[in-house]
Amino acid sequence: MVDQLSNYLTDLPEFLAFFGVSLFLMIVYFAIYTNVTRHNEIKLIKENSVAAAVAFSGSMIGFALPLASAMISSRTILE
């Protein structure tokens, strides 16, 4: 049990670095996506537009899946 906890704590800085980079990239994607689209997605979502919410969440998932795959197959953040 102690060995398992030691392994988790050893890998924690690497996990936090990957998490920080992925969070930064998702924020950059969000900013670019909202500026490129013709309509204001956030305003439409606040007005309870289901289509806008589905389109926006689908685009975020579509960006997050390749990002996660790239992180899984890399050894360092620079890869």
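What do the 24 residues of α3 span at 1.5 Å a residue, and how far apart are its end C-alpha atoms? I computed an expected span of 34 Å (1.5 Å times one less than the number of residues), and the end C-alpha atoms are 35 Å apart, which agrees.

I note that this is a predicted model, in which local features need pLDDT of at least 70 and side-chain atom pairs count only at pLDDT 80 or more, while totals for chains, interfaces and linings use all residues. Residues are numbered from 1 along each chain as its sequence is written, and side-chain values use heavy atoms, with hydrogens and water left out.

I searched the whole structure for aromatic pairs and found five (rings of Phe, Tyr and Trp, its six-membered ring, with centres within 6.5 Å; planes under 30 degrees apart are stacked, over 60 edge-to-face, the rest tilted). Phe15 and Phe19 are stacked, because their ring centres are 6.1 Å apart and their planes lie at 25°. Both residues belong to helix α1 (residues 2-36), four residues apart (helices are DSSP runs of H or I, at least four residues, numbered from the N terminus). Phe15 is exposed at 51% relative accessibility, and Phe19 is partly exposed at 46% (buried is under 20%, exposed over 50%, partly exposed in between, with a 1.4 Å probe and protein chains only).

I then looked up Tyr29 and Phe63, a stacked pair at 4.5 Å centre to centre and 5° between the planes. This pair links Tyr29 in α1 to Phe63 in α3 (residues 50-73), 34 residues apart. Ring pairs join Tyr29, Phe30, Tyr33, Phe56 and Phe63 into a cluster.

In α3, I recorded Ala52, Phe56, Ser59, Met60 and Leu67 as buried.

Conventions: Helix = DSSP H or I, 4+ residues; strand = E, 2+ residues; numbered from the N terminus.
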